[in-house]
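Trainee: I would like a close look at a single part of this model, namely the empty space in and around the fold. Please take me through it slowly and connect it to the strands and helices.

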Amino acid sequence: MGCEIVTVSADTQFVHLAWQREEKDLADVKFAMGSDRNGVLAKQFGVWNGGFCLRGAYLIAPDGKLMNAEVNFLNLGRNIDEIMRKFKANLYLSRKATEGCPSKWKDEGDATLQPGPDMVGKVHEALNK
């Protein structure tokens, strides 16, 4: 899809290897897994929590612009389908900057919105014409 995926945690590369070997859902992982043992990156992203990290997912454009940020506490997993929805929406919006992708938007061709003062309080009506 034209993106690079990198996961980063405060775990060591040995813990990453153990997770990939033992966790069946990670068996086919092909993306880079980085270690941030001192929390330098975690502190920059605001997820450092005194020796461990909150669970964050970030979409960053090639120019370094932060497009989306999601931070969950330790006991709430991230949803790859929702992350991919946001990724596809950002790709779409990079070509259609005057449109808006509502929360249920999933793929090109789904209903979009034309943000502006006339849309306030009328999103439901606009999506259900």
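Mentor: What follows goes from the chain as a whole to its strands, then to the cavity and the pocket, and ends with two single residues.

The model is predicted, so local features are considered where pLDDT is at least 70. The chain contains four helices and four strands. Read from the N terminus, the order of the elements is β-α-β-α-β-β-α-α. The chain has a radius of gyration of 18 Å, whereas a compact globule of 129 residues would have one near 14 Å. Along the principal axes, the C-alpha atoms fill a box of roughly 55 × 30 × 30 Å. Buried residues make up 22% of the 129 in the chain.

Next come the strand pairings, since the empty space is described in terms of them. β1 pairs with strand β2 (residues 32-35) in the parallel sense, over four bridges. The connection from β1 to β2 passes through α1, and this β-α-β crossover is right-handed. Within the pairing, Thr7 is set opposite Met33 in β2, and Ser9 is set opposite Ser35 in β2. The other pairing to consider is that of β3 with β4, which run antiparallel and are joined by six bridges. One of the residues in this pairing is Ala57, whose bridge partner in β4 is Glu70. The hairpin of β3 and β4 has five residues between the strands, and Gly64 in this hairpin has a positive phi near 90 degrees.

Now the enclosed space. The structure has one cavity of 30 Å³ or more. The volume of the largest cavity is about 40 Å³. Its lining consists of Ala57, Leu59, Asn68, Ala69, Glu70, Ile83 and Lys86. Two or more lining residues come from each of β3 (55-60), β4 (66-72) and α3 (80-95). The largest contribution to the lining of this cavity is that of β4, with three residues. Sorted by class, the lining of the largest cavity comprises four nonpolar, one polar and two charged residues. The bridge partners Ala57 and Glu70 both belong to this lining.

The open space is a separate matter. The largest pocket has a volume of about 2,000 Å³. It is lined by 49 residues, of which Val6, Thr7, Val8, Gly56 and Arg78 are the closest to its centre. Thr7, already described as standing opposite Met33 in β2, is thus among the residues closest to the centre of the pocket. At least two lining residues each are supplied by β1 (6-9), α1 (13-22), α2 (40-44), β3 and α3. α3 gives the most to the lining of the largest pocket, with seven residues. By class, 31 of the lining residues of the pocket are nonpolar, ten are polar and eight are charged. β3 and α3 each give at least two residues to the lining of the pocket, and both also give two or more to the lining of the largest cavity.

Two single residues complete the picture around these elements. Phe73 sits in the loop between β4 and α3. With a relative accessible area of 49%, Phe73 is partly exposed, because only values over 50% count as exposed. Phe73 and Leu54 are separated by 19 residues in sequence, while their C-alpha atoms are 5.3 Å apart in space. Met84 is a residue of helix α3. Its relative accessibility is 26%, so Met84 is also classed as partly exposed, the cut-off for a buried residue being under 20%. Between the C-alpha atoms of Met84 and Leu59 the distance is 9.8 Å, and the two residues lie 25 residues apart along the chain. Of this pair, Leu59 is one of the residues that line the largest cavity.

Methods
Residues numbered from 1 in each chain as written. Predicted model: local features only at pLDDT ≥ 70, side-chain atom pairs only at ≥ 80, totals over all residues. Heavy atoms only, no water. 1 Å grid on protein atoms, 1.4 Å probe; cavity = no way out; pocket = protein on both sides within 12 Å on 5 of 7 lines; lining within 4 Å. Points joined across faces, edges and corners; volume = space filled by probe spheres on them. Nonpolar A, V, L, I, M, F, W, Y, C, P; charged D, E, K, R; others polar. Pairing = 2+ DSSP bridges. Right-handed = clockwise from strand over helix to strand, strands pointing away. Rg over C-alpha atoms; globule rule 2.2 N^0.38 Å. Buried < 20%, exposed > 50% of the residue type's maximum accessible area, 1.4 Å probe, protein only.
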